[in-house]
Amino acid sequence: MGGKKKHKQAFRPPPPPKRVWVVKRRNWLEIPDDVTAAILTRVGAIGMLESAQKVCTKWRRICKDPLMWRQIDMRNDGTHHEMEELENMCRHAVDRSAGKLVGITVEHFGTDDLLKYITDSSSGIRHLRLLSCEELEITTQGLAKVASKLPLLEELEITLSFNISHEALDVVGRSCPLLKSFKLNKEWCTFSDMEDWFEDDAPSQVEDDVDALAIARSMHGLHHLQLYGNKLTDDGLRKILDCCPHLESLDLRRCFNLNMGGDLEIRLEQIKKLWLPHDSTKGKGFAAESDHFCFKWTELPDDVTLSILSRVGAIDILENAQKVCMKWRRICKDPVMWRTIDMRNRGYEVYDLDKMCRHAIDRSCGNLVDISIDHFGTNRLLKYITDSSSRIKRLRLALCKRISDQGVIEVAMKLALLEDLEISLCRLSRKSLEVVGRSCPLLKSFKLNRRTDDDYDESIAFTKKNDDALAIARTMHGLHHLQLFGNELTNEGLKEILDGCPHLESLDLRCCENLNLKGPLGIRCSEQIKKLWLPRDSIADYDFRFTVRGYGSPRKFTVSDLIGFPRIDNDYDEYGYGNYGGWCSDDSDWYDDFTKPPLEELLGLDEEDLEFFGLGKGRRRDYLEDFYDFEDYGDYESDDEMFY
């Protein structure tokens, strides 16, 4: 009785029984016949005849059901079967439909005989697609003969089948009163067209509109029309809109003869779904060879042409592009084209680059934002640029030895919006850099490049080693990007820059050989700067490494450094008008005088300077002869007149 009490143990539920997953294998033969039929119809007629019907007895039975062949899709890539084999397959599929055929698609292998066989076998066809049926030929006569057997046809597509003409369309339109959807897709450009464009007798406008006129005459009940790559003109499109009042969708992609002039834009607004000539071709449903090339470049939209020409450069635009055709000339005179002026050159052009540049600036009409000048810049040109536009945000001066400190100081106040400045291989000192820094508070990017190849240009090494760095540190506090290629700055100058430019994100110190970044300064640079180039980093992307010759001591500095190595083109257009069969423009900006500046004007030197360099009047011919012998131009005889 007095024994110990027994403590009740807490109740613990038994662990749940382990679940055993039983995978029940499904037998696809148990799928209902209607579901199997729905799956197999997506295989296509070729896949069913060659593969699906051979899988099992059930699938073979389903594949022989006439209902499976109400729609026959014989699309293929044209490479894996013989054409005769495909035609036999198609006839067998038509036979299996037992007269119940409603829709059929034939690709690559169609013939007139096959088309007759199809229409003789069924009078209930509502959808007919003929794709790339040109090798064995479905012709105008073949389609016209069977058109009367297609009274219920509602949808017709003729794609890349070039043997079917507008005459067949007339017959089909009259014979198929229920036709609601029509697709007529062509190559928008063919090699035969290219040959035609060089002939004297160009196709007439009426010939271009023959398809459109046939549609307008006979297919009044259309709701959907696709005319990919057609040559119709505005007149043909107006006819279609007049005679097909029920149109809901209209696809005019690659119809480049259309100008959409007059009332067409307003009338096309009534179409619910519209594709215009330059709209994307994605999803068109077929592949045309002409999608991969563009021959009639004059048919490109103006904005696309402008974008392409803007990448050519100002020199090529003025000397070449604007003379191609009137459309390009009109675009090249648009002030928008001249917001950016790129006058980069190789330093040996025979054109009057100063005059070209001034003309380009005039065309900008005060909208100039970005300009790049190589080799030929002067103080006067720099003043002309800044007087012409107060919106300049980017300025690039390279190898402009005739731009001085005084010239830059005079224009600095007119560059209040400047954000990006590059000065490469120019003779500018700390004095002008300080004025620029104080006058351009928005300056974010600055490139000051002092070096080319492995020789330092001693002719510009007249400043103290840290003068550039101190000018930058004291006046350009907002910089985000700085390039000091080949600069003489030392560690002290770099410290001043890091202190004075707290927003720096990228810093290029390549070929700055007075720097020693192995200690704390190198650590500070790597921590403070996101993108850093060190003095010994690769210079493979340096623009001027192989561009300038003759740099070195002042003793080596000759007239060759100023003029470079002139290019003499045998076939340059002497009159500046291009090959227009003697046609001449009285418009003064077709510059025929860009190509013949005298030597002293080309060099920007006066007679006294030429005498200093040993190029007096008696020596100029000898200089040029020696010069071309040195460049190994062979037996080519220079027309010295172009230099005098």
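# Close-up views of a predicted model

**Figure 1. Strands E11 and E12 run side by side.** Strand E11 (residues 394-398) pairs with E12 in the parallel sense, and the pairing extends over 5 bridges. The view comes from a predicted model, as do the views that follow. One pair of residues shows how the two strands are matched, for Arg396 has Glu422 in E12 as its bridge partner. Strand E12 (residues 420-424) is mostly covered, with 4 of its 5 residues buried. As background to this view, side chains in a regular strand alternate between the two faces of the sheet.

**Figure 2. The protein as a whole, as a setting for the close-ups.** The protein has 26 helices and 18 strands, and of its 644 residues 47% count as buried. The protein exposes about 34900 Å², and carbon and sulfur atoms supply 50% of this area. Among contacts between residues at least 6 apart in sequence, 74% join residues at least 24 apart.

**Figure 3. Helix H19 and its surroundings.** Helix H19 (residues 430-439) is largely enclosed by the rest of the structure, because 7 of its 10 residues are buried. These buried residues are Ser432, Leu433, Glu434, Val435, Val436, Gly437 and Ser439. They pack against helix H18 (405-412), E12, E13 and helix H20 (467-475), and the packing partners therefore include both helices and strands.

**Figure 4. Ser445 and Phe446, two neighbours in sequence.** Ser445 is placed in strand E13 (residues 445-449), and with a relative accessibility of 13% it counts as buried, since the limit for a buried residue is under 20%. When residues up to four places away in sequence are left out, Ser445 touches Glu419, Asp420, Leu421, Leu479 and His481. With the same kind of residues left out, Phe446 touches Leu421, Ile423, Leu433, Ile472, Met476, Leu479, His481, Leu482 and Gln483.

**Figure 5. Two nonpolar cores.** In soluble globular proteins, nonpolar side chains tend to be buried together. The largest nonpolar core here holds 71 residues, and among them Phe446 and Leu494 touch the most other members. Helix H16 (residues 353-364) supplies the largest share of this core, with 5 residues. Another core lies apart from it and has 67 residues, including Met48, Ile158, Phe182 and Leu225.

**Figure 6. A loop residue, Ser404, and its contacts.** Ser404 lies in the loop between E11 and H18, and at 26% relative accessibility this residue counts as partly exposed. Leaving out residues up to four places away in sequence, Ser404 touches Asn379 and Leu428. Although Ser404 and Leu428 are 24 residues apart along the chain, their C-alpha atoms are separated by 6.1 Å.

**Figure 7. Salt bridges in three settings.** Side chains of opposite charge can pair when their charged atoms come close, and the count of salt bridges in this model comes to 29. In one of them, the side chains of Asp211 and Lys186 meet at 2.5 Å, N to O. Asp211 lies in helix H10 (residues 210-218) and Lys186 in the loop between strand E5 (181-185) and helix H8 (191-197), so this pair ties together parts that are 25 residues apart in sequence. Asp211 is buried, with a relative accessible area of 6%, whereas Lys186, at 25% relative accessibility, counts as partly exposed.

A second salt bridge joins the side chains of Asp251 and Arg253 at 2.6 Å, N to O. Asp251 counts as buried at 2% relative accessibility, and Arg253 is buried as well, with a relative accessible area of 4%.

A third salt bridge is formed by the side chains of Arg358 and Asp354, at 2.7 Å, N to O. These residues are 4 apart in helix H16, and are therefore separated by about one helical turn. Arg358 is partly exposed, with a relative accessible area of 24%, and Asp354 counts as partly exposed at 21% relative accessibility. Elsewhere, salt bridges that share partners join Asp33, Lys58 and Arg61 into one network.

**Figure 8. A nonpolar patch on the surface.** Trp28, Leu29 and Val55 make a nonpolar surface patch of about 270 Å². Trp28 is placed in the segment before helix H1 (33-40), and at 45% relative accessibility this residue counts as partly exposed.

How values were computed. Residues numbered from 1 in each chain as written. Predicted model: local features only at pLDDT ≥ 70, side-chain atom pairs only at ≥ 80, totals over all residues. Heavy atoms only, no water. Buried < 20%, exposed > 50% of the residue type's maximum accessible area, 1.4 Å probe, protein only. Contact = heavy atoms within 4.5 Å. Patch = residues over 30% accessible without salt bridge, like charges linked within 9 Å, V, L, I, M, F, W, Y side chains within 5 Å. Areas by Shrake-Rupley, 256 points an atom, 1.4 Å probe, with all protein chains shown as cover. Salt bridge = Lys/Arg side-chain N within 4 Å of Asp/Glu carboxyl O. Core = buried A, V, L, I, M, F, W, Y, C linked by side-chain atoms within 4.5 Å. Pairing = 2+ DSSP bridges.
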